[in-house]
Amino acid sequence: MNLSTPFEPGLEAIPRRRVYTKVAEKLQAHIINNLKPGDMLPPERELVQRFGVSRSSIRDAIRSLEAVGLLEPRQGVGTVVRDASAEAVVSPVAGALLQKRKVINELLDVRMIIEPALARRAALHASAGQLAEMQAILSRQEEKVRRGELATEEDSAFHYTLALAADNSVMLKLTNVLMDLLRETRERSLQVGGRQEKSLAAHRRVLAALKQGDAAAAEAAMRRHLLEIEKIVLQKL
């Protein structure tokens, strides 16, 4: 088994806006031209460095190639090249897009289960300091939206602080994982016209319920927020 097949010089860094499908295409070309069944795919950290993209983009590309039969994850070993089927060679991008949509749907489902419950708990457990921090985050978010800048960091910070206020360390870790997996999708959705304003308004509704200690209202506000996000995200896939 070849564990360290070198990359050819043609694997240059990929511009951000073409990340997902381009990574899948270039990985597929590398596998077909340079690897054989049983070879190991290079480690994730090496792929990140080679392509100059995020870990989430690499993971999505690898999942898409697993879905069409080019790669196979093996526990305790890594990702291994499989025999390339005709379908995998002819339509990798179509398969990748279908797989990505499925994964994102599942992640959004998990988020819908977790975050409204977090908002309910936060309404009961949030400290005055945490509420003040969320208010400060929304002020920064509002300023960025007013200037026409993306407020991705503030969007993440609000959800993280809310999860922290729910006072459950396991749920906090799950939220961090979800936010990381959905980072690229969230960044794209925030560029949709009117999306940032809707996000800011939704965050204000959630915070208002938290300040009142109204658990039911906080849960309902978060659920409404996530439904708005889901509609936009799935339209963009």
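# Reading helices, cores and salt bridges

Visitor: What is the relative accessible area of Glu-142?

Guide: The relative accessible area of Glu-142 is 30%, so this residue is classed as partly exposed. The model is predicted, so read every value as computed from the predicted atoms.

Visitor: Which residues form salt bridges with Glu-142?

Guide: The general idea comes first. Side chains of opposite charge can pair when their charged atoms come close. In this structure, one partner of Glu-142 is Arg-146, with N to O at 3.3 Å. Another is Arg-204, where the closest N and O atoms are 3.0 Å apart.

Visitor: Where do Arg-204 and Glu-142 lie, and how many residues apart are they in sequence?

Guide: Arg-204 belongs to helix 10 and Glu-142 to helix 6, so their salt bridge ties together parts of the chain 62 residues apart in sequence. The pair of Arg-146 and Glu-142 is a local one: both sit in helix 6, four residues apart, so about one helical turn separates them.

Visitor: Are the two arginines buried or exposed?

Guide: Arg-146 has a relative accessibility of 55%, so it counts as exposed. Arg-204, at 40%, counts as partly exposed.

Visitor: Which residues make up the network of salt bridges that includes Glu-142?

Guide: The linked residues are Glu-142, Glu-143, Arg-146, Arg-147, Glu-149 and Arg-204. The structure holds 19 salt bridges.

Visitor: What does a salt bridge with a buried partner look like here?

Guide: Take Asp-39 and Lys-36, whose side chains meet at 3.4 Å, N to O. Asp-39 has a relative accessibility of 2%; the cut-off for buried is under 20%, so Asp-39 counts as buried. Lys-36 is partly exposed, at 48%.

Visitor: How many helices and strands does the chain have, and in what order do they run?

Guide: There are eleven helices and two strands. Reading from the N terminus, the order is α-α-α-β-β-α-α-α-α-α-α-α-α.

Visitor: What span should helix 10 have, and what does the model give?

Guide: The check is the rise per residue. Helix 10 covers residues 195–212, which is 18 residues; at 1.5 Å a residue the expected span is 26 Å, and the end C-alpha atoms are 26 Å apart, so the two agree. Helix 3, residues 55–67, passes the check too: its 13 residues should span 18 Å, and its end C-alpha atoms are 18 Å apart.

Visitor: What does the backbone do just after each of these helices?

Guide: Look at the phi angle of the glycine. After helix 10, Gly-213 has a positive phi of about 65 degrees. After helix 3, Gly-69 has a positive phi of about 95 degrees.

Visitor: Which residues of helix 10 are buried?

Guide: They are Arg-195, Gln-196, Ser-199, Leu-200, Ala-202, His-203, Val-206, Leu-207, Ala-209 and Leu-210. In helix 3 the buried residues are Ser-56, Ser-57, Ile-58, Asp-60, Ala-61, Ile-62, Ser-64 and Leu-65. Over the chain of 237 residues, 45% are buried.

Visitor: Which members of the largest nonpolar core touch the most other members?

Guide: Among its 36 residues, these are Leu-118, Met-134, Phe-158, Leu-162, Val-206, Leu-207 and Leu-210. Helix 5 (92–125), helix 6 (128–147), helix 7 (152–165), helix 8 (169–181), helix 10 and helix 11 (215–236) each supply at least two residues. Helix 5 gives the most to this core, ten residues.

Visitor: What is Leu-207 in contact with, beyond its neighbours within four places in sequence?

Guide: Its contacts are Leu-131, Met-134, Gln-135, Leu-138 and Phe-158. A second, separate core has 18 residues, including Val-23, Ile-31, Ile-58 and Ile-62.

Visitor: Of the contacts between residues at least 6 apart in sequence, how many join residues at least 24 apart?

Guide: The share is 73%.

Visitor: What does the chain expose?

Guide: It exposes about 12000 Å², and carbon and sulfur atoms supply 53% of that area. For one exposed residue, go to Lys-173 in helix 8. Its relative accessibility is 59%, so it counts as exposed. Lys-173 is 13 residues from Tyr-160 in sequence, with 9.7 Å between their C-alpha atoms.

Key: Residues numbered from 1 in each chain as written. Predicted model: local features only at pLDDT ≥ 70, side-chain atom pairs only at ≥ 80, totals over all residues. Heavy atoms only, no water. Expected span 1.5 Å × (residues − 1). Buried < 20%, exposed > 50% of the residue type's maximum accessible area, 1.4 Å probe, protein only. Core = buried A, V, L, I, M, F, W, Y, C linked by side-chain atoms within 4.5 Å. Contact = heavy atoms within 4.5 Å. Salt bridge = Lys/Arg side-chain N within 4 Å of Asp/Glu carboxyl O. Areas by Shrake-Rupley, 256 points an atom, 1.4 Å probe, with all protein chains shown as cover.
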